[in-house]
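Visitor: I should be grateful for a close look at a single part of this structure, taken from one side chain outwards to the strands and cavities. Please connect the pieces as you go.

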Amino acid sequence: MAWYKCAAAAATVVMFGCSSGGRTDESGSSTMVDLTTTMPATTGATATSEPATSTTASSETPTTTGEPDPSTTDTCVDGQENCACLPLEACTGVLVCLEGLCVAEGGTTEATGSSSTGGEDSTTGPVMAVCGDGDKAPGELCFKPAGPLGMGAGPVAVAVTDLNNDGHLDVVSVNNTSNNLTVRTGKGDGSFNALSALAAGMAPYAIATPDINNDTVPDLVAANYGSATLSIYLNNGAGMMISQPAIGAGLNPRWLATANVNNDEHDDVFVANFGNATLGVYVGDGIGYPNPTTVASGTNPTWVTLADVNGDGKLDLASANYGASTVGVSLGNGLGNFGPATVSPVGAQGYSLVLADLTGDAKPDAIVTVPAGNAIYLMQGNGLGGFGGAIPYPCGTDPIGLLVNDMDNDGKLDVVVVNRGANMVSVLRGDGVGGVGLPESFMVGMMPQVVEAGDFNEDGVLDLVTANNGDSTVSVLLSDP
C-alpha cells in the first residue's frame with residue numbers, strides 16, 4: 001500500500017518519503033555537465049517521451065452525452081470506446097486515448113518517458129508517482145526514513161562494494177577517531193550483518209576499493225591523514241581482509257581515487273595530499289605499488305578524481321584545491337605519467353569534485369561543493385582540460401561530500417550532496433541540459449561527511465549511505481518506489 005503520494009517539491013525538507021517534483025534551472029542557462037559516474041547503476045539511455053496529455057476534452061469541443069440517436073447507432077462517436085479520440089487526445093469517462101482510439105483502462109504496456117508525476121503508460125496514460133507502491137515511475141524520488149548503523153568512532157568516509165563475493169553490497173566505514181575501518185556485509189534486503197573491524201593508521205580519512213592483485217575481488221586502501229601512510233588490505237576472496245605493510249604517502253592524505261590509467265589490467269591509486277600540495281600516483285603491478293610518484297597540485301587539495309577531459313582516450317588527473325580555490329587538471333599520457341597541472345578558478349574554496357558531462361556535449365564538466373557558499377559550482381568543460389566560469393546553485397547548508405547519479409530514474413543525471421551543517425542529504429535534479437533544480441533534502445545522522453550510492457535492498461533503485469561524524473553512525477536511506 002502506498003503510504004503517501006509524491007507531490008511536486010523544490011527546496012523542501014523531506015523527513016521521510018519522496019518527491020516527484022519538476023526540474024528547474026535557476027540560472028536560466030545550460031552551461032553545465034553530463035556527468036559520467038563510476039557506478040554501473042547510474043548509466044543508461046536517456047528517457048524520452050511526449051508530454052503527458054489531458055484526459056478531458058477542451059472547452060471548444062462538445063462532449064457526447066446521453067443515449068445515441070437510433071439513426072446513428074452504427075456510427076462511431078468520437079471519444080467513445082473503440083472510436084477516434086477527441087481533440088487533445090481526450091476520451092469520455094474513464095477511457096484513454098491509445099494510438100488515436102479511445103480504449104478501456106487496464107492495459108499492461110510497459111511505461112515509458114518521464115514527467116514530474118511519473119512516466120506515461122502507452123495504454124493507460126500518465127503514471128502517478130506514488131511512494132511505496134512498488135512501481136519505479138520515472139521522476140519518482142522516494143526514500144524510507146534513514147536507518148542508522150553503528151560503525152565506530154568518528155566516521156568520515158564510506159565505501160560500497162561486495163567484499164565477500166555473495167552478490168550483496170557491503171558497507172565500509174573509515175573511522176577517524178577510533179583509527180580503524182569497520183565493515184558490515186549486506187544481506188541483500190537492506191539490512192546488514194554484524195560489525196567487523198580492521199586496524200588502520202592514525203586518523204584515517206578516505207577509503208578506496210581497487211583490485212590490487214587482479215583476482216577479481218575488491219581489496220581496500222585507506223589514507224591515514226595523521227600518519228601520512230596508506231593502509232593496504234588484500235581480500236582472500238571471501239571477504240576476509242588481510243593487512244599488508246603500510247606504504248608512504250604525502251603529508252595529510254585526504255582523499256583517494258582508483259582507475260587503470262595505463263591499460264595493464266591492474267588498478268592504480270591516486271591520493272590528494274592536503275598538506276604538501278601534491279597528488280600521489282601509485283601505479284599497480286598486480287602485487288602492490290612499488291614506485292609511487294607525485295604531481296604538483298594547487299594548495300590544499302581535498303579531492304582527487306580522474307576523467308578523460310581532452311578527449312584523447314587517456315585518463316587525466318584532477319583535484320579540488322581548497323586553499324587555492326581552483327580545480328587543477330594534469331593530462332595523462334596513457335602510461336601512468338601526468339603533465340603539469342593547469343588550473344581553472346572556482347572563485348571560492350571548493351571541497352569535493354566530480355567530473356562528468358551534464359550538458360551532453362561529450363566534454364566532462366566540473367561540479368564542486370563550496371561549503372562556505374552553501375552551494376555547488378558547475379563549470380563547463382572546454383574539451384581541452386580547462387573549465388569555464390563557475391555558476392553557483394544553492395544546495396543546502398554546508399555541503400561537503402558529493403556524487404552524481406540518476407536518482408529519480410528519468411535518464412538525467414542528478415547531483416547529491418551531504419549537508420554537514422544541517423544533518424541532511426540533498427538531491428538536485430538535473431535537467432539534462434546542464435542545469436539543476438533546487439535541493440530536495442532528507443534527514444540523516446549528525447554531521448554527515450560523505451555520501452555513496454548502491455542498491456542495498458536489490459529493488460532496482462539506488463539507495464544512499466552517508467558517513468556521520470557527529471554521532472558515529474552511517475545512515476542508510478533505502479529507496480521506496
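Guide: In this predicted model, the side chain of serine 344 reaches the backbone nitrogen of phenylalanine 387 at 3.1 Å. Serine 344 belongs to strand S27. Its relative accessibility is 6%, and because of this value serine 344 counts as buried.

Strand S27 is part of an open sheet of four strands, arranged in the order S24-S25-S26-S27 with antiparallel pairing. The edges of this sheet are strand S24 (301-307) and strand S27 (342-345), each of which pairs on one side only. Serine 344 therefore sits in an edge strand, since residues 342-345 make up S27 and a value of 6% relative accessibility marks this serine as buried all the same. Direction ignored, neighbouring strands of this sheet are turned by 20° against each other on average. At the other edge, S24 is joined to strand S25 (residues 316-321) by six bridges, and the two run antiparallel. One of the pairs here brings together leucine 306 and its bridge partner in S25, leucine 317.

Further along the chain comes strand S28 (residues 353-356), which pairs with S29 in the antiparallel sense over four bridges. Leucine 353 has valine 368 in S29 as its bridge partner. Strand S29 itself covers residues 365-370, and six of its six residues are buried. In a regular strand, side chains alternate between the two faces of the sheet. For S29, both of these faces are covered. Asp365, Ile367 and Thr369 are buried on one side, while Ala366, Val368 and Val370 are buried on the other. Valine 368, the partner of leucine 353, thus belongs to the second of these groups, because Val368 is listed there with Ala366 and Val370.

S29 also pairs with strand S30 (residues 375-379); five bridges join these two strands, which run antiparallel. Within this pairing, threonine 369 stands opposite isoleucine 376 in S30. S29 and S30 form a hairpin with four residues between the strands, and in this hairpin asparagine 374 takes a positive phi near 50°.

The loop between S28 and S29 holds threonine 359. Its relative accessibility is 17%, so threonine 359 counts as buried. The side chain of threonine 359 has two polar contacts to describe. One joins threonine 359 to the side chain of aspartate 357, at 3.3 Å. Another, at 3.4 Å, links the side chain of threonine 359 with that of aspartate 365. Aspartate 365 is one of the buried residues of S29, on the side that also holds Ile367 and Thr369. The loop threonine is thereby connected through its side chain to the strand that follows the loop.

A further open sheet of four strands has the order S12-S13-S14-S15, again with antiparallel pairing. Its edge strands are strand S12 (155-161) and strand S15 (196-199), each pairing on one side only. From one strand to the next, the twist averages 20°. S12 and strand S13 (residues 170-175) pair in the antiparallel sense over six bridges, and proline 155 has asparagine 175 in S13 as its bridge partner.

The enclosed spaces complete the picture. The model has two cavities of 30 Å³ or more. The largest cavity contains about 100 Å³ of space. Its lining consists of 14 residues, of which Glu140, Cys142, Met407, Val461 and Pro481 lie nearest its centre. By class, this lining has eight nonpolar, two polar and four charged residues.

The second largest cavity contains about 50 Å³ of space. It is lined by Val156, Tyr205, Arg254, Trp255, Trp303, Tyr351, Ile400, Gln449 and Val450. Strand S20 (253-259) and strand S36 (448-454) are the elements that give two or more residues to this lining. By class, the lining of the second largest cavity has seven nonpolar, one polar and one charged residues. Among the lining residues are Val156 and Trp303; Val156 falls within S12 (155-161), and Trp303 falls within S24 (301-307). Edge strands of both four-stranded sheets described above are thus represented in the lining of this cavity.

Note on methods. Residues numbered from 1 in each chain as written. Predicted model: local features only at pLDDT ≥ 70, side-chain atom pairs only at ≥ 80, totals over all residues. Heavy atoms only, no water. Buried < 20%, exposed > 50% of the residue type's maximum accessible area, 1.4 Å probe, protein only. Pairing = 2+ DSSP bridges. Axes fitted to C-alpha atoms, helices over the stretch in contact; angles between N-to-C directions. Polar contact = N/O pair within 3.5 Å; in protein donor to acceptor, adjacent residues only side chain to side chain. 1 Å grid on protein atoms, 1.4 Å probe; cavity = no way out; pocket = protein on both sides within 12 Å on 5 of 7 lines; lining within 4 Å. Points joined across faces, edges and corners; volume = space filled by probe spheres on them. Nonpolar A, V, L, I, M, F, W, Y, C, P; charged D, E, K, R; others polar.
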